[in-house]
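Subject: Structure handover

Hello,

Here is the structure I promised to pass on. Please open it first, then read my notes below.

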Amino acid sequence: MLRDTDQIDATLANLNKIVDGHYEWLVTLFASVVDNSIEHSPDAYDCCVVKELLQALNAVGPEDAQCLQVIHTAHSQLHESGRNLLASIRENEATAANFNDLKNSLQIFSTAVQAWKSLLLNRRNALDPLTDLPGRRLLDEIYAQQLAMADGQHTYILLMDIDRFKKINDSWGHLVGDEVLRALAQRLRDEIRNSDTAYRYGGEEFIVLLRAPTDKGACQTALRLCAAIAQQPIQYQHLQLFITVTLGVTRVRFGETLEQVEARADAAMYRGKQTGRNRCMFMDETGEIRQVTD
Ligand SMILES: Nc1nc2c(ncn2[C@@H]2O[C@H](COP(=O)(O)OP(=O)(O)OP(=O)(O)O)[C@@H](O)[C@H]2O)c(=O)[nH]1
């Protein structure tokens with residue numbers, strides 16, 4: 001899935017170029033009819049700038065890949081309609097049906113491009129403006145889909161809360177607090193795998209939706225995140241800020257709603273806060289909470 005604002009904006013810009021490219025192509029098509037160069041022109045599809053742009057586009061995740069595939073199909077269909085129209089003109093056999101075919105192909109192509117643009121714009125709006133991470137709304141929307149994509153692995157929720165964050169705001173001001181949130185978001189992006197996703201859940205809380213084959217694997221990842229955050233200070237201007245986080249981890253059970261899993265992760269995290277912070281707590285199937293140590 002295309003996740004950050006820069007990636008999404010770059011793709012949107014390319015999709016706009018793709019639409020513009022086909023206005024130019026239409027003009028070239030008319031020109032080749034007028035100046036009688038139809039017979040000498042190479043197959044427009046092979047040298048089409050749009051084809052190159054499409055090949056350069058990056059579809060990460062099944063939704064994007066599906067949109068891209070629909071555009072590819074519509075694009076080659078569009079060129080086929082153009083080829084047929086030119087051939088019919090060359091043979092002096094052009095009919096209204098050839099023109100209609102081109103018109104329909106153009107409409108299908110622009111609808112396909114528009115569909116991906118809408119998806120991307122929607123996703124962009126769901127990104128948290130401070131950290132550029134997807135926000136809670138997107139997690140609500142794609143939770144079921146993420147579970148379906150687990151590919152035989154278990155899905156875990158890691159609920160992470162910065163320890164004593166109020167003190168950072170109170171000591172250094174909200175701008176520094178904001179910088180800490182941004183830096184932590186970046187650290188999460190750097191540390192987790194592509195198949196996992198970090199969300200800003202609200203305030204100073206983050207959620208990581210994680211895939212792992214076993215509880216042990218998920219706990220190890222949580223512990224690694226916790227240690228990485230505590231060990232590496234956040235640099236901001238002349239400041240070096242050491243922060244710690246407390247994590248509540250739990251496995252998503254079959255058929256559970258997001259609220260049910262969140263409640264368990266929250267209870268685990270809360271226990272971690274009560275018992276000292278800077279730790280990972282795991283809630284198992286029986287509802288027992290234990291501290292993850294290795
Ligand atoms: N700078 C900044 N602060 C925020 C943001 N969202 C929430 N906060 C602050 O996060 C702080 C959370 O404080 P508390 O809920 O008391 O928790 P804490 O100080 O982290 O303490 P523990 O969670 O108990 O370890 C509050 O001061 C909020 O104002 C934000 O977007 N930017």
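In which helix does aspartate 9 lie? Aspartate 9 is part of helix H1, which covers residues 5–34. Please keep in mind that this is a predicted model.

Aspartate 9 has a relative accessibility of 29%, so the residue counts as partly exposed; the band for that term runs from 20% to 50%. I also checked its distance to alanine 212. The two are 203 residues apart along the chain, and their C-alpha atoms are separated by 31 Å.

**The whole chain**

The protein chain has nine helices and eight strands. Its radius of gyration is 26 Å, whereas the globule rule gives 19 Å for 294 residues, so the chain is more spread out than a compact globule. The C-alpha trace spans about 85 × 45 × 25 Å along its principal axes.

Burial comes next. Of the 294 residues, 45% count as buried. The accessible surface is about 15,200 Å². Carbon and sulfur atoms make up 50% of that surface.

Contacts reach far along the sequence. Take the contacts with a separation of 6 or more: 71% of them join residues 24 or more positions apart.

Now the charges. There are 30 positive and 40 negative side chains. The centres of the two sets lie 9 Å apart.

**Helix H8**

H8 runs over residues 215–231 and has 17 residues. From first C-alpha to last, H8 reaches 24 Å, close to the 24 Å expected at 1.5 Å a residue. Its buried residues are Gly217, Ala218, Cys219, Thr221, Ala222, Leu225, Cys226, Ala228 and Ile229. An α-helix has 3.6 residues a turn, so residues three or four places apart point the same way. Keep that in mind when you look at the buried set.

What do the buried residues of H8 pack against? One partner is a helix, H7 (174–191). The others are strands: E1 (154–162), E3 (205–212), E6 (245–251), E7 (280–283) and E8 (289–291).

**Glutamate 191**

This residue lies in helix H7. Is glutamate 191 buried or partly exposed? Its relative accessible area is 27%, over the 20% limit for buried, so glutamate 191 is partly exposed. Leaving aside residues up to four places away in sequence, glutamate 191 touches Arg224, Leu225 and Ala228. Two of these, Leu225 and Ala228, are among the buried residues of H8. Arginine 224 is 33 residues from glutamate 191 along the chain, and their C-alpha atoms are separated by 8.9 Å.

**Helix H9**

H9 covers residues 258–274 and has 17 residues. Its reach from first C-alpha to last is 24 Å, close to the 24 Å expected at 1.5 Å a residue. Buried here are Leu258, Val261, Glu262, Arg264, Ala265, Ala268, Met269, Gly272 and Lys273. The list includes the charged residues Glu262, Arg264 and Lys273. Glycine 276 follows H9 and has a positive phi, near 135 degrees.

**Positive phi in the loops**

Which loop holds asparagine 92? It is the one between helix H3 (62–90) and helix H4 (96–125). Asparagine 92 has a positive phi of about 60 degrees, although it is not a glycine. Its relative accessibility is 71%, over the 50% limit, so asparagine 92 counts as exposed.

Aspartate 132 is another non-glycine with a positive phi, of about 70 degrees. Aspartate 132 sits in the loop between H4 and helix H5 (136–148).

Best wishes

Definitions and conventions
Residues numbered from 1 in each chain as written. Predicted model: local features only at pLDDT ≥ 70, side-chain atom pairs only at ≥ 80, totals over all residues. Heavy atoms only, no water. Helix = DSSP H or I, 4+ residues; strand = E, 2+ residues; numbered from the N terminus. Rg over C-alpha atoms; globule rule 2.2 N^0.38 Å. Buried < 20%, exposed > 50% of the residue type's maximum accessible area, 1.4 Å probe, protein only. Contact = heavy atoms within 4.5 Å. Areas by Shrake-Rupley, 256 points an atom, 1.4 Å probe, with all protein chains shown as cover. Charge placed at Lys NZ, Arg CZ, Asp CG, Glu CD. Expected span 1.5 Å × (residues − 1).
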